[in-house]
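Hello,

Here is the structure I said I would pass on. Please look through it first, and then read my notes below.

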Amino acid sequence: MVLLTTVTLCCAVVAGALAMLEPALAVFGEAPEEQVADSRPIDSSTRGSIQASVRVVGGAPFVPNVNPRQR
């Protein structure tokens, strides 16, 4: 329990220090580029030509045992 508390406090201190230093680091470094989501629809026809092959294993289909006495 003491170890868990110690690790939690250490992580909180590191996260707090980084949160406080983040505005200062932004002043010295370049401003990050603004990321904007692409609003165009995805063309699904290009992905349709790349189909994964499926291996079919021969044999009887799976039939669940509904009678518990039968094994």
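Of the 71 residues in the chain, 0% count as buried. Keep in mind that this is a predicted model. A residue counts as buried when its relative accessible area is under 20%.

The surface comes next. The chain exposes about 7,800 Å², and 64% of that area is supplied by carbon and sulfur atoms.

As for secondary structure, the chain has two helices. The number of strands is zero.

I also checked the cysteines. How many disulfides does the count come to? The count is zero. A disulfide needs a pair of cysteine sulfur atoms within 2.5 Å. For C10, the closest cysteine sulfur is the one in C11, and it lies 6.9 Å away, so the two are too far apart for a bond. Seen from the other side, C11 is in no disulfide either, with the sulfur of C10 as its nearest cysteine sulfur.

Are these two cysteines buried or exposed? The answer lies in between: C10 is partly exposed, with a relative accessible area of 46%, and C11 is also partly exposed, at 49%. Exposed would require a value over 50%.

Regards

Note on methods: Residues numbered from 1 in each chain as written. Predicted model: local features only at pLDDT ≥ 70, side-chain atom pairs only at ≥ 80, totals over all residues. Heavy atoms only, no water. Helix = DSSP H or I, 4+ residues; strand = E, 2+ residues; numbered from the N terminus. Buried < 20%, exposed > 50% of the residue type's maximum accessible area, 1.4 Å probe, protein only. Areas by Shrake-Rupley, 256 points an atom, 1.4 Å probe, with all protein chains shown as cover.
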